[in-house]
Amino acid sequence: MSDSSVLQSIRSEDPWQTHQVKISRIVDETPGVKTYDLEFASADLARAFQFSAGQFNMLYVPGVGESAISISGQSERGLLRHTIRSVGAVTGALDQGSVGMSLGLRGPFGSRWPLELLYRDSAVRWNVVIVAGGIGLAPLRSVVTSLMQHRDRVDRVDLLMGARTPSDLLYASQYPLWSDHGVNVQTTVDRADDAWRGHVGVVTLALDRLAIPAPESTLLMTCGPEVMMRYVVQVAIGRGIPVSNVYLALERNMNCAVGFCGHCQLGPQFICKDGAVFQYDRVAEFLRVPEL
Ligand SMILES: Cc1cc2nc3c(=O)[nH]c(=O)nc-3n(C[C@H](O)[C@H](O)[C@H](O)COP(=O)(O)OP(=O)(O)OC[C@H]3O[C@@H](n4cnc5c(N)ncnc54)[C@H](O)[C@@H]3O)c2cc1C
């Protein structure tokens, strides 16, 4: 039922062209994670820039460096959202940054989540399962937004969200709204605090518990730590979801974003231009190779 052509990359016209943007708004999400709304210096470019759910930009902090960051959505004013965890030089400089800071942006790059597959044939009704771990929900947030807008086109939508602690649950303030729009949100944490009344345990246990009434017409999308995704895929296939209906977003250190430098190569695939979203059966054999 699935078709890998729906993952075809959408390329920016000149991938080397860096556009000037400035930080227009910063929202503290969870400890160490913030969302940045970026505004293009050029109004024409702001109008022309288009992306699909799952794509990423290369964000350049002058004098520090460039990092791949997923586009996590768009504000009501059309500003591009990026949700970023501070882990090193570039992301740390952004963490220290403030509204008004100028950045460079190249993009959009990479493949997209297979939303067209869900919507293209109204006679086929899909169930959707989204499994996210920690900041892995960022590249999937546009999927949730799209499913809310096209809720009548799919049957069930389940979002299983796992985090280390309750305060690490990304976009938690949005979950009631998502639930009101027909997204069945279930959360679980590795370590509870005194106030937590929900599930404790890894997100794969939530997938084990989930009712999957029609596995053959269920599409699963997952993003999070690679070890989490490996277990998610195993459980999903064990629950009867066809391997070709399983999609995941991979992450590797990356430099050029256009398949020249080879930093993000996984076997014959380049994460930057063939991914970051992959149909699982296209990468399964390479994910089995340790350290690849
Ligand atoms: C397609 C794609 C989308 C991404 N989307 C997001 C996002 O939405 N939000 C977000 O916070 N991060 C995202 N990342 C990860 C982000 O690119 C890295 O965290 C960032 O480049 C680190 O840069 P730095 O200069 O801050 O850290 P550095 O100082 O370069 O590195 C800090 C440490 O992190 C390691 N590291 C750096 N990049 C990666 C990586 N890609 N994978 C694993 N380890 C890495 C380094 O080896 C080092 O140990 C994405 C990565 C890819 C490939």
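Domain bounds are taken here from an automatic or database domain assignment. In this predicted model, the assignment divides the protein chain into domain 1, spanning residues 9–109, and domain 2, spanning residues 115–249. A distance of 25 Å separates the C-alpha centres of domain 1 and domain 2. To the contact between them, domain 1 contributes 11 residues and domain 2 contributes 15 residues. On the side of domain 1 that touches domain 2, at least two residues are supplied by β1 (19–30), and at least two likewise by β6. This side of domain 1 comprises six polar, three nonpolar and two charged residues.

The ligand is surrounded by 24 residues, of which Ser67, Ser70, Gly88, Val90 and Thr91 come nearest. Two or more residues of the shell are given by each of the elements β4 (65–70), β6 (80–85) and α2 (89–96). Among the contributions to this shell, that of β4 is the largest share, at five residues. The element β6 thus appears in two settings: β6 gives residues to the shell around the ligand, and β6 also supplies residues of the side of domain 1 that touches domain 2.

With respect to residue class, the shell around the ligand consists of 13 nonpolar, eight polar and three charged residues. Both domains take part in the shell, as at least three of its residues are drawn from domain 1 (9–109) and at least three from domain 2 (115–249).

Key:
Residues are numbered from 1 along each chain as its sequence is written. This is a predicted model: local features need pLDDT of at least 70, side-chain atom pairs count only at pLDDT 80 or more; totals for chains, interfaces and linings use all residues. A residue is near a molecule or strand if its C-beta atom, placed from the backbone, lies within 6 Å of it. Helices (H or I, at least four residues) and strands (E, at least two) are DSSP runs, numbered from the N terminus. Ala, Val, Leu, Ile, Met, Phe, Trp, Tyr, Cys and Pro count as nonpolar, Asp, Glu, Lys and Arg as charged, and the others, Gly among them, as polar. Two residues are in contact if their C-beta atoms, placed from the backbone, lie within 7 Å.
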